[in-house]
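Hello,

Here is the structure I promised to pass on to you. Please have it open while you read, and take the notes underneath at your own pace.

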Amino acid sequence: MERNPMRRQLQVMRKSLFDQGYLDEQFVQLEELQDDANPNFVEEVVTLYFRDSARLILNIEQALERKPFDFNKLDGYMHQFKGSSSSIGAKRVKAESTLFREYCKSGNGEGCMRTFQQLKKEYATLRKKLEAYFQVARQAGPMETACRPK
Amino acid sequence: MCKKLVQMMQGNVWISTNSLGFAQSMTLLLRFQIQSYIQRTMYAHGTSGEQSNSYSRFRGLRVLLADDDDINRIVTKKMLEKLGCEVTAVSTGFECLSAISHAENSFRVVVLDLHMPEIDGFEVATRIRKFRSRNWPLIIALTASAEDHVRERCLQIGMNAVLQKPVLLQGMAAELQRVLHRTGDGV
């Protein structure tokens, strides 16, 4: 049981992110890559992800404003977006990306737009939650080891 | 009791007293064997026995990584470095071919994302195999696709392995082990 109250809070936040399906195994992978040489690896990668993917989201948004939809282009953007989301373990965001791609493949414009709105919501929520998480993490200091959620 | 313990460790401990008979200082003498470099670096990393193995297994293996996605490239690079590899990372197919063609950079393994813009992994691998043998460099493809035909096409072109994204450390380690072992690099 973690004695340090900040670390306990961090563990609670972390468990919640996994239990509620915001993050998956891939996030644990990032934690396992963090070490003395890169003590802030997870936060750095996540920060980079939100920076890079913001551009993709904008591209998709703009593409959805041009009718008729270029489904190939949309699918291309989403393929990229899904790839990086997947690398950081963004489970819900990844699920919406998959759905979006399916709608692209079947040429369902309505489905694309609906899914994209949902995706943006999940993306924004994840961003907020992770920002809060890293804020506490920085205050709590380094954790002993990455542990798999039960 | 301390004295007994220390003496069992082939050392010694004693207290020096001053002229009035009061303890002034204590001296502890212990012998240590200087460990070999490999042993030292193994114990310096990781906590579990499993982990310390992975750090030394691929030590010094020269790997060229090509992936256009910034996040994936950073994560995969870190993963390979964690396994002990010396990694050069590039973000396009052209940079990849350029790095390989420089004689001084003899990469043992190329980890190649299949879906890159302009010139994709398939094309890069085809060109590599045109001028190089099947086993040098070894090519490990990275793909998000789980489809068989993608895998078949990779093997046909002469790639040595196909890994599905997102990649896990153990998956990468296993695949590296497999392809190196097959060519008799005896890891």
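Below is what I found, going from the annotated places to the core, the rings and the charged pairs. One thing to keep in mind throughout is that this is a predicted model.

**Annotated places**

Let me begin with what the UniProt record says. For chain A, an unreviewed UniProt entry puts the feature "domain: HPt" at residues 38–133. In the model, that stretch of chain A is 83% helix and 0% strand. Its end C-alpha atoms are 18 Å apart.

For chain B, an unreviewed UniProt entry gives the feature "modified residue: 4-aspartylphosphate" at B:Asp113. You will find B:Asp113 in strand β5 of chain B, which covers residues 109–113. Is B:Asp113 buried or exposed? With a relative accessible area of 2%, B:Asp113 is buried, because the cut-off for that is under 20%. Setting aside neighbours within four places in sequence, B:Asp113 is in contact with B:Ala66, B:Asp67, B:Asp68, B:Gly121, B:Leu142 and B:Lys165.

One of those contacts, B:Asp68, is also touched by a residue of chain A, namely A:Gln80. Not counting residues up to four places away in sequence, A:Gln80 touches A:Leu56, B:Asp68 and B:Asp69. A:Gln80 sits in helix α4 of chain A (residues 71–87) and is partly exposed, at 31% relative accessibility. A:Gln80 and A:Leu56 are 24 residues apart along the chain, and their C-alpha atoms are separated by 8.1 Å.

**The nonpolar cores**

In soluble globular proteins, nonpolar side chains tend to be buried together. Here the largest nonpolar core has 67 residues. Which of them touch the most other members? They are A:Phe27, A:Phe81, A:Phe100, A:Leu130, B:Val111, B:Met172 and B:Leu176. Helix α3 of chain A (residues 41–63) gives the most to this core, with 11 residues. There is also a second, separate core of 23 residues, which includes B:Val110, B:Ala125, B:Val150 and B:Cys154.

If you would like one residue of the largest core to look at, try B:Met172. Leaving aside neighbours within four places in sequence, B:Met172 has contacts that include B:Thr76, B:Met79, B:Leu80, B:Leu83 and B:Val111. B:Leu142, B:Leu163 and B:Val167 are in contact with B:Met172 as well. B:Leu142 may look familiar, since B:Asp113 is in contact with B:Leu142 too.

**Aromatic rings**

Over all chains, the count comes to 10 aromatic pairs. In one pair, A:Tyr133 and A:Phe134, the ring centres are 5.4 Å apart and the planes stand at 70°, so the pair is edge-to-face. Both A:Tyr133 and A:Phe134 are buried. Ring pairs join these two with A:Phe18 and A:Phe27 in a cluster, and A:Phe27 was listed above among the core residues that touch the most other members.

Two arginines lie over ring faces. In chain A, A:Arg92 lies over the face of A:Tyr22, at 4.0 Å from the ring centre. In chain B, B:Arg62 lies over the face of B:Phe107, at 4.9 Å from the ring centre.

**Salt bridges**

How many salt bridges are there over all chains? A search of the whole structure finds 15. Here are some to look up:

- A:Asp19 and A:Lys15 form a salt bridge, with their closest N and O atoms 2.7 Å apart. Both lie in helix α1 of chain A (residues 5–19), 4 residues apart, about one turn of the helix. A:Asp19 is partly exposed at 48% relative accessibility, and A:Lys15 is partly exposed at 48%.
- A:Glu43 and A:Arg138 meet in a salt bridge at 2.8 Å, N to O. A:Glu43 is in helix α3 and A:Arg138 in helix α6 (residues 109–140) of chain A, so the pair ties together parts that are 95 residues apart in sequence. A:Arg138 is exposed, at 53%.
- B:Asp70 and B:Arg73 meet at 2.9 Å, N to O. Both lie in helix α4 of chain B (residues 70–82), 3 residues apart. B:Asp70 is partly exposed at 27%, whereas B:Arg73 is buried at 17%.
- A:Asp35, B:Lys78 and B:Lys82 are linked in a network of salt bridges.

Happy exploring, and best wishes

Notes:
Residues are numbered from 1 along each chain as its sequence is written. Chains are lettered from A and ligands numbered from 1 in the order in which they are written. This is a predicted model: local features need pLDDT of at least 70, side-chain atom pairs count only at pLDDT 80 or more; totals for chains, interfaces and linings use all residues. Side-chain values use heavy atoms; hydrogens and water are left out. A nonpolar core is a set of buried Ala, Val, Leu, Ile, Met, Phe, Trp, Tyr and Cys residues joined through side-chain atoms within 4.5 Å. Buried means under 20% relative accessible area, exposed over 50%, partly exposed in between (1.4 Å probe, protein chains only). Helices (H or I, at least four residues) and strands (E, at least two) are DSSP runs, numbered from the N terminus. Contact means heavy atoms within 4.5 Å. UniProt positions are given in the numbering used here, feature names are shortened, and annotations may be inferred rather than shown by experiment. Rings of Phe, Tyr and Trp (its six-membered ring) pair if their centres lie within 6.5 Å; planes under 30 degrees apart count as stacked, over 60 as edge-to-face and the rest as tilted. A charge sits over a ring if NZ of Lys or CZ of Arg is within 6 Å of the ring centre and within 35 degrees of the ring normal. A salt bridge is a side-chain nitrogen of Lys or Arg within 4 Å of a carboxyl oxygen of Asp or Glu.
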